[in-house]
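Trainee: I have just opened this one and would love some help finding my way around. Could we go through it together?

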Amino acid sequence: MMLKLSRKISIDAVCFILLGAHSLATIAADTKESFEFVATVNGVPITKGLLDLNVNLAIGQGQKDSPQLRESIKNELISRELITQAATKEGLAKDIDLTDQITQIKQTLLVQAYLEAHFKQNPISDAMLKEEYEKQKQALGGGTSVNQYKVSQIVLSTESAAIAVSGRLARGDDFSKVAQEVSIDDATKAQGGSLGWVSPGQLLPAISTVMTSLKKGTTSSPIQIQGGWVIIRVEDSRSAKIASFEASKPQLRQAIIQQYLNQTLKRLSESAKIVR
């Protein structure tokens, strides 16, 4: 579920989060008339826009708007400003790359605003959610339950490297330790190659075919995939019930949003001049 962001937020409010009292004293003096304050801390204002932003974030996380919530958040903003002023007084601001952090926060806000504007004009309907649900369900086999496997992997770039690793595993080397040492898949390497619980439809056919044939606690021979080789180990298996449509709605909505974002990035990239 996308978080609702206050349309009143401005770069000034972002600066209040990052810059602290010393850097903002001049800004506050010049723009005081254009702000609505909810409090001041040693003369530094806390704006209503900043309060509303944090309230909306809390609401997006499931809390209910109330005077008590607003008072609690206001007290938190006051506490944050007190610490910010203390840190600024100690000269700690010089250790923070404020320009890059402000840029990142501004980008995050604009990405969310872009997505919200699109889905305000093109709301996600129950029909769209149902279509996505059926698509995902078919990828899992189309039934009411799905077999899942707890799998770990070691990804290698060449066949010779895969054969060498397979030999180490056959001699009794620990799969997790070897994965941390030699796997080229950064997403799983630190976890000893663990993919967690997966279903066949989530993996490449070449891997899922081998996975479903392995017994618990056994390791595969090297499997060739596009761009490399992979060795998998099945730790366990189970049958899991597929969640109902109603229970899946938040994840389905997020999937549709992510698909639109991916399509948009592809379209924009094709027409952009990008120098790497």
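Mentor: Gladly; we will take it in short questions and answers, keeping in mind that this is a predicted model.

Trainee: How many helices and strands does the protein chain have?

Mentor: Let us begin with the overall make-up. The chain holds 276 residues, of which 34% count as buried. Its secondary structure comes to eleven helices and seven strands.

Trainee: What share of the exposed area do carbon and sulfur atoms supply?

Mentor: The protein chain exposes about 17,100 Å². Of that area, the part supplied by carbon and sulfur atoms is 53%.

Trainee: Among contacts between residues at least 6 apart in sequence, what percentage join residues at least 24 apart?

Mentor: Here we look at contacts in the protein chain and ask how far along the sequence their partners lie. With the pairs at least 6 apart as the starting set, those joining residues at least 24 apart make up 67%.

Trainee: In what sense do strands β1 and β2 pair?

Mentor: Strand β1 covers residues 37–41 and strand β2 covers residues 44–47. They form a hairpin with two residues between them, and Val 41 stands opposite Val 44 in β2. Over four bridges, the pairing is antiparallel.

Trainee: Which residue in the turn of that hairpin has a positive phi?

Mentor: Look in the loop between β1 and β2. The residue there is exposed, with a relative accessible area of 67%. Its phi is near 55°, a positive value in a residue other than glycine. The residue is Asn 42.

Trainee: How many salt bridges does a search of the whole structure find?

Mentor: Such a bridge needs a side-chain nitrogen of Lys or Arg within 4 Å of a carboxyl oxygen of Asp or Glu. Searching the whole structure gives 13.

Trainee: Arg 70 meets Asp 52 in a salt bridge; how many residues apart are the two?

Mentor: The N to O distance of the Arg 70 and Asp 52 bridge is 3.2 Å. This pair links distant parts of the chain, with Arg 70 in helix α4 (residues 67–89) and Asp 52 in helix α3 (residues 48–60). Along the chain they are 18 residues apart.

Trainee: Is Asp 52 buried or exposed?

Mentor: Its partner Arg 70 is partly exposed, with a relative accessible area of 28%. For Asp 52 the relative accessibility is 9%. Because buried means under 20%, Asp 52 counts as buried.

Trainee: With which other Asp does Arg 70 form a salt bridge?

Mentor: In this bridge the closest N and O atoms are 3.1 Å apart. The partner is partly exposed, with a relative accessible area of 41%. That residue is Asp 65.

Trainee: Why are Glu 134 and Lys 130 separated by about one helical turn?

Mentor: Their side chains meet in a salt bridge, 3.8 Å from N to O. Glu 134 is partly exposed at 31% relative accessible area, and Lys 130 is partly exposed at 38%. Both belong to helix α6 (residues 126–139), and the separation is about one helical turn because they are four residues apart.

Trainee: Which residues do salt bridges with shared partners join into one network?

Mentor: We have already met Arg 70 with Asp 52 and Arg 70 with Asp 65. The complete network consists of Lys 48, Asp 52, Asp 65 and Arg 70.

Trainee: How far does helix α7 reach from its first C-alpha to its last?

Mentor: Helix α7 (residues 159–170) has twelve residues. At 1.5 Å a residue, the expected value is 16 Å, and the helix comes close to it. Its reach is 16 Å.

Trainee: Why are the buried residues of α7 on the same side?

Mentor: The buried residues are Ala 162, Val 165 and Leu 169. They lie on the same side of α7 because they cover an arc around the axis of only 65°.

Trainee: Which exposed residues does the face of α7 turned away from its buried side carry?

Mentor: What covers the buried residues includes β3 (145–156), α8 (175–182), β5 (218–219) and β7 (228–241). The face turned away from the buried side carries Ser 160, Ile 163 and Ala 170.

Trainee: Which residue just after α7 takes a positive phi?

Mentor: The phi there is about 105°. The residue is Gly 172.

Notes: Residues are numbered from 1 along each chain as its sequence is written. This is a predicted model: local features need pLDDT of at least 70, side-chain atom pairs count only at pLDDT 80 or more; totals for chains, interfaces and linings use all residues. Side-chain values use heavy atoms; hydrogens and water are left out. Two strands pair if DSSP finds at least two bridges between them. Buried means under 20% relative accessible area, exposed over 50%, partly exposed in between (1.4 Å probe, protein chains only). Contact means heavy atoms within 4.5 Å. Accessible areas come from the Shrake-Rupley method with a 1.4 Å probe; for residues, only the protein chains shown count as cover. The expected span of a helix is 1.5 Å times one less than its number of residues. The arc is that of the directions from the helix axis to the C-beta atoms.
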